[in-house]
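Work through the exercises below with the coordinates open. Each task is followed by a stepwise solution.

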Number of protein chains: 4
Amino acid sequence: MTNKDDLSGKMDASAHILPIRVYYEDTDFSGLVYHATYLRWCERGRTEFVRHLGLNQKELYEQDSLQDQRFFVVRKMQLDYLKPALMDDVIDVVTKVKEIGAATVVLSQEIQRDSEALFRAEVMIVLMSAQGRPVRLSDAMKGAFLPEG
Amino acid sequence: MTNKDDLSGKMDASAHILPIRVYYEDTDFSGLVYHATYLRWCERGRTEFVRHLGLNQKELYEQDSLQDQRFFVVRKMQLDYLKPALMDDVIDVVTKVKEIGAATVVLSQEIQRDSEALFRAEVMIVLMSAQGRPVRLSDAMKGAFLPEG
Amino acid sequence: MTNKDDLSGKMDASAHILPIRVYYEDTDFSGLVYHATYLRWCERGRTEFVRHLGLNQKELYEQDSLQDQRFFVVRKMQLDYLKPALMDDVIDVVTKVKEIGAATVVLSQEIQRDSEALFRAEVMIVLMSAQGRPVRLSDAMKGAFLPEG
Amino acid sequence: MTNKDDLSGKMDASAHILPIRVYYEDTDFSGLVYHATYLRWCERGRTEFVRHLGLNQKELYEQDSLQDQRFFVVRKMQLDYLKPALMDDVIDVVTKVKEIGAATVVLSQEIQRDSEALFRAEVMIVLMSAQGRPVRLSDAMKGAFLPEG
């Protein structure tokens with residue numbers, strides 16, 4: 001029925017772009033979008049970005065052996081709220097890799113409306129084991145995150 | 001940038017269909033989708049359905065005069081949870097008109113995965129004034145809601 | 001620091017009562033409380049009610065053996081939205097047992113503001129195994145749910 | 001029925017403390033608390049803190065004249081996720097004033113479990129007019145935010 005690819009956004013030369021519509025659930029009584037909603041949108045952007053890289057979060061998570069379970073967890077965020085998004089807007093979540101460490105990846109994310117930045121986030125994520133310990137990124141994972149050039 | 005039409009779902013002969021991806025935010029620690037998430041999805045389906053009919057909720061709401069403000073409000077719901085949706089699933093919200101009254105519309109909504117029903121809702125919505133009173137649907141509105149035949 | 005009992009509401013002769021404050025996150029751009037928020041509040045009421053009965057959901061869930069894991073899942077709901085709750089309101093979630101079956105419990109829940117009903121729900125919950133099958137309620141569980149008389 | 005004061009947390013010499021229970025809605029399928037949930041908790045802490053100062057956000061917002069409407073908006077946040085909160089935990093939101101500017105206030109917020117920090121945020125909020133412009137804080141407002149000393 002559904003073309004699943006349409007829901008996953010697209011990759012251009014330097015960034016992943018995921019379009020999202022603003023609904024009732026995203027707003028609050030001030031008439032603007034609720035401030036924590038931007039984090040939900042950025043997380044959707046990261047999930048689709050990671051899917052484009054060929055890393056499926058549910059698969060990482062659902063290993064047969066508990067010892068092999070892995071998942072990405074947010075360690076740090078820096079957030080700038082520039083302009084409010086509004087009900088019925090269509091916004092784009094733009095996600096880029098900024099830096100790769102031993103067990104961490106730093107992403108730059110931006111929420112845009114008609115190419116204008118409404119919100120900026122720098123997000124450090126860590127790969128964790130089921131035992132709650134940071135796990136070194138394999139070379140294959142690092143390669144997936146690295147931009148082509 | 002973004003083709004906004006792709007986000008609005010599509011209308012077939014008898015129903016509006018909106019595809020949605022399941023993200024972290026939609027799940028809970030049981031591993032399944034949180035039960036209130038289905039209501040957020042149904043509301044997205046209704047918003048896009050109403051948009052397809054040419055009725056924009058923000059426009060109804062943002063009249064110059066407070067006396068002309070109108071908005072749809074949920075009055076009653078009957079919900080059946082059949083099978084759980086899971087992280088990373090793509091589901092369809094299928095929305096049909098069931099009944100039209102003087103100030104109310106009853107919608108049938110279904111959440112499907114690969115055409116299998118996971119959740120069913122019957123939803124009565126009411127058109128309200130800014131003063132909180134039910135408002136009769138105009139003939140134009142009733143016409144918009146009525147299926148072609 | 002915190003007296004945890006204060007957060008769990010209280011039991012009177014016939015019902016469990018959980019007071020909740022309305023915050024930004026609960027509202028939407030219409031200025032009223034978002035319709036799915038009432039379900040989150042009812043779920044908090046059910047969780048505290050079940051805790052008062054001596055049944056801890058996390059404990060049911062975190063059995064050593066996967067075969068012994070149990071959790072309550074919502075099967076059906078009937079919802080009536082009577083009057084809107086508003087930002088900064090304090091509301092009460094009032095929860096009563098209505099009926100007990102072999103694997104199901106039907107609860108009556110009401111959201112009240114100053115004892116006036118704003119929202120009513122009839123909620124059928126089912127006890128499930130980790131394999132996704134309904135599980136008979138033990139006599140001890142049934143006894144816990146039954147009102148004194 | 002309800003003692004509303006119990007829901008508003010309490011002020012000690014240097015900080016406002018709001019206890020909160022973790023529910024299903026706060027968690028995700030990883031089994032931990034969803035990362036955006038911490039922002040909802042911090043916002044509840046700020047709302048109760050501001051209420052303790054005698055500044056009611058709904059009153060600021062609902063002035064008779066649109067020109068007098070004011071509301072606090074988040075401008076910047078720095079977030080550190082230290083340890084995960086879990087279903088059924090009781091956590092404390094601890095809120096302190098760090099700095100006061102002409103139209104801005106910087107708050108330090110911490111989510112603690114049994115006095116151990118799970119999450120830290122530095123939050124810059126701005127007072128805004130209905131026209132979306134920053135508004136100077138009155139001396140009365142600054143006085144309210146300033147710790148006694």
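**Exercises on a predicted model**

**Exercise 1.** Which residue is the bridge partner of Met77(B) in β3(C)?

*Solution.* This is a predicted model. Start at Met77(B): its bridge partner in β3(C) is Leu79(C). Now widen the view to the strands. β3(B) and β3 of chain C, residues 70–81, pair in the antiparallel sense. The pairing runs over 5 bridges.

**Exercise 2.** Describe the contact between chains B and C, then break down the side of chain B by element and by class.

*Solution.* Step one: count residues. Chain B gives 15 residues and chain C gives 14 residues. Step two: assign elements on chain B. Both α1 (37–52) and β3 (70–81) supply at least two residues to the side that touches chain C. The largest share, 9 residues, belongs to β3(B). Step three: sort by class. That side of chain B holds 8 nonpolar, 3 polar and 4 charged residues.

**Exercise 3.** Why do the end C-alpha atoms of helix α1 of chain A agree with the expected span?

*Solution.* Take the 16 residues of α1(A), 37–52, at 1.5 Å a residue: the helix should span 22 Å. Its end C-alpha atoms are 23 Å apart, so the two values agree. Next, check burial. In α1(A), 14 of 16 residues are buried, so-called mostly covered. Then step past the helix: just after α1(A), Gly54(A) has a positive phi of about 90°.

**Exercise 4.** In what order do the elements of chain A run?

*Solution.* Count: chain A has 3 helices and 6 strands. Read from the N terminus: β-β-α-α-β-β-β-β-α. Finish with burial: 43% of the 149 residues in chain A are buried.

Methods:
Residues are numbered from 1 along each chain as its sequence is written. Chains are lettered from A and ligands numbered from 1 in the order in which they are written. This is a predicted model: local features need pLDDT of at least 70, side-chain atom pairs count only at pLDDT 80 or more; totals for chains, interfaces and linings use all residues. Two residues are in contact if their C-beta atoms, placed from the backbone, lie within 7 Å. Helices (H or I, at least four residues) and strands (E, at least two) are DSSP runs, numbered from the N terminus. Ala, Val, Leu, Ile, Met, Phe, Trp, Tyr, Cys and Pro count as nonpolar, Asp, Glu, Lys and Arg as charged, and the others, Gly among them, as polar. Two strands pair if DSSP finds at least two bridges between them. The expected span of a helix is 1.5 Å times one less than its number of residues. A residue is buried if 20 or more other C-beta atoms lie within 10 Å of its own, exposed if 12 or fewer, and partly exposed in between; C-beta atoms are placed from the backbone.
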